[in-house]
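Work through the exercises below with the model open beside you. Each task is followed by a solution in steps.

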Amino acid sequence: VNAVLSLLPLFAATFFYLGFSPPAWLRLLWRRQEDAGFQDVQKALMVAVNVQDVAQALLPQIASMCGGQGALLLDQSGEVVASHAMSVEQQRAVAAAVVAAASPVRMVEAGPRLLALPLQSGWLAVELSAYTPLFGEEEVRLMEALGVFADLALQRIDLFERERLAREEAERANTEMETLVYGVSHDLKSPIISLLGYIEYLKIDYGDAITGEGQRYIERMTASALYMQDLIQDLLELSRIGRVQTEAEPVDLNLLIDEIASQVRVTHPSLTIDATGLPVIQMNPVRARQLFTNVIENAARHGGRDDVTIRIRGQQTPTETTVSVADNGAGIPEPYREKVFGVFERLAGPTDTGGTGMGLAVCRKIVEQLGGTINAVEAATGADIRITVPRSRVLPDSPVARSLETTS
């Protein structure tokens, strides 16, 4: 009994020492459960979508791993972003101690015992308990590893947030521009109609008295006023595409192109349109007619010849559907293939072919509303306009879609 009693202080001192300065093998044994939690924290940080998610995944684990009383995230100015198990007074004390330090610190001073790690976005800090064991390099490396994952997560969240704000700002600016264009276009219609009316009165009442040069002036005034009226109408239509929500319906492009061809041949009797293998697309029928009428009339008007042949074909892939509108006309020079889709853009030619330069701009906006693209691509002869829409816009059970799928 005496021998055992005499050995008790030695055993107590040994266990006390192991408890506050454990060797590496004992640290590894203690951290076995925490290592599993470390993997969970990594996964949670990879899918975090806001700072609260990062704090919820990181701070409890880092406090538990370090045996701390609490943990918190600070931004670069030392303001508390998120905290775990800490009162407001504790947060302020830890934040003040971290800001006063210029590097990673382990402090045992009048203030809190603190383990802090600098991040690119601020600081990660843990307030240690009075009974926390002495730290080894393993704990510091684990904390640094968690800090790296936290940095990546916070940077990704900041990037997503800035992208969201930029997208909202662009959408707000676009909405304001559409509203402005709509309002201006609508307000300009009235004075143009009045101007055309007075020009008509002038022709009726004083047509016999005005001859020669005066008559030519009236004709030029009329032509300019009508052109301005067309511009205003096209601007108004362009603004409506973004403002007015329209219901989508199945549109068989084969039938639609046949109807458009009959109308266009009235003004272009030598025009040939060859259209086969086109899909049935889910979109607003008015916008569909507007889209393909503009593209076909553009090819007929700017082809540079009377007997233009337009070949329209469809092609299907697992993700998208493409409709090609190709002609054997004059074509579009490479520097202008993107420019022609701008507002008021018209290609200069040997003769004035008319138009306001808004047709392809309207087409692009219609296609973008469908989540697709429209571009002028390189062609051996003439021009080739490619309209691409998501596969989800094509009715899967339509005979045309099945034939396209078999062909592709």
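**Exercise 1. Place A361 in the structure, then describe the helix that holds it.**

Solution.

Step 1. Find the element. A361 lies in helix 10. The model is a predicted one, and the positions below are read from it.

Step 2. Decide whether A361 is buried or exposed. Its relative accessible area is 7%. The cut-off for buried is under 20%, so A361 is buried.

Step 3. List the contacts. Leaving out residues up to four places away in sequence, A361 touches L238, F341, G342 and V343. A separate distance links A361 to N294: the two are 67 residues apart along the chain, and their C-alpha atoms are separated by 9.8 Å.

Step 4. Widen the view to the helix. Helix 10 covers residues 359-369, and eight of its 11 residues are buried, so the helix is largely enclosed by the rest of the structure. The buried residues are L360, A361, V362, C363, R364, K365, I366 and V367.

Step 5. Look past the end of the helix. G371 follows helix 10 and has a positive phi, near 85°.

**Exercise 2. Compare the settings of Q76, A85 and A96.**

Solution.

Step 1. Take Q76. This residue is found in the loop between strand 1 (68-75) and strand 2 (80-84). Its relative accessibility is 63%. Exposed means over 50%, so Q76 counts as exposed.

Step 2. Find what Q76 meets. Not counting residues up to four places away in sequence, Q76 touches Q120, S121 and G122. The C-alpha atoms of Q76 and P118 are separated by 9.1 Å, with their positions 42 residues apart along the chain.

Step 3. Take A85. This residue sits in the loop between strand 2 and helix 5 (88-100). A85 is exposed, with a relative accessible area of 51%.

Step 4. Check the backbone of A85. Its phi is positive, about 55°, although A85 is not a glycine. As background, most residues other than glycine have a negative phi.

Step 5. Take A96, which lies in helix 5. At 49% relative accessibility, A96 counts as partly exposed. A96 and G78 are 18 residues apart in sequence, and 7.5 Å apart in space from C-alpha to C-alpha.

**Exercise 3. Classify the aromatic pair.**

Solution.

Step 1. Count. The structure holds one aromatic pair.

Step 2. Apply the geometry. The ring centres of Y198 and Y201 are 6.2 Å apart and the ring planes stand at 80°. Planes over 60 degrees apart count as edge-to-face, so that is the class of this pair.

Step 3. Locate the two residues. Y198 and Y201 both lie in helix 6 (residues 137-206), three residues apart, which is about one turn of the helix. Both are exposed.

**Exercise 4. Describe the largest cavity: its space, its lining and the elements that contribute.**

Solution.

Step 1. Count the cavities. There is one cavity of 30 Å³ or more. About 50 Å³ of space lies in the largest cavity.

Step 2. Name the lining. The residues are I281, M283, L291, F292, T321, V323, L370, I387 and V389.

Step 3. Assign elements. Two or more lining residues come from each of strand 8 (280-283), helix 9 (285-301), strand 10 (320-327) and strand 12 (384-390).

Step 4. Sort by character. Eight lining residues are nonpolar, one is polar and none is charged.

**Exercise 5. Summarise the chain, then find where the prediction is least certain.**

Solution.

Step 1. Count elements. The protein chain has 11 helices and 12 strands. Of its 408 residues, 37% are buried.

Step 2. Consider contact range. Among contacts with a separation of 6 or more, 64% are between residues 24 or more positions apart.

Step 3. Read the confidence. The chain averages a pLDDT of 80, and 82% of the residues score at least 70. Among the elements, strand 12 has the highest mean pLDDT (93) and helix 11 (residues 399-407) the lowest (47).

Step 4. Find the low stretches. pLDDT stays under 50 over residues 107-111, where the model has five contacts beyond four places in sequence. It also stays under 50 over residues 399-408, with 19 such contacts.

Step 5. Draw the conclusion. Where pLDDT is low, the predicted coordinates should not be read in detail.

Definitions and conventions:
Residues numbered from 1 in each chain as written. Predicted model: local features only at pLDDT ≥ 70, side-chain atom pairs only at ≥ 80, totals over all residues. Heavy atoms only, no water. 1 Å grid on protein atoms, 1.4 Å probe; cavity = no way out; pocket = protein on both sides within 12 Å on 5 of 7 lines; lining within 4 Å. Points joined across faces, edges and corners; volume = space filled by probe spheres on them. Helix = DSSP H or I, 4+ residues; strand = E, 2+ residues; numbered from the N terminus. Nonpolar A, V, L, I, M, F, W, Y, C, P; charged D, E, K, R; others polar. pLDDT = per-residue confidence, 0-100. Contact = heavy atoms within 4.5 Å. Phe/Tyr/Trp six-rings, centres within 6.5 Å; stacked < 30°, edge-to-face > 60°. Buried < 20%, exposed > 50% of the residue type's maximum accessible area, 1.4 Å probe, protein only.
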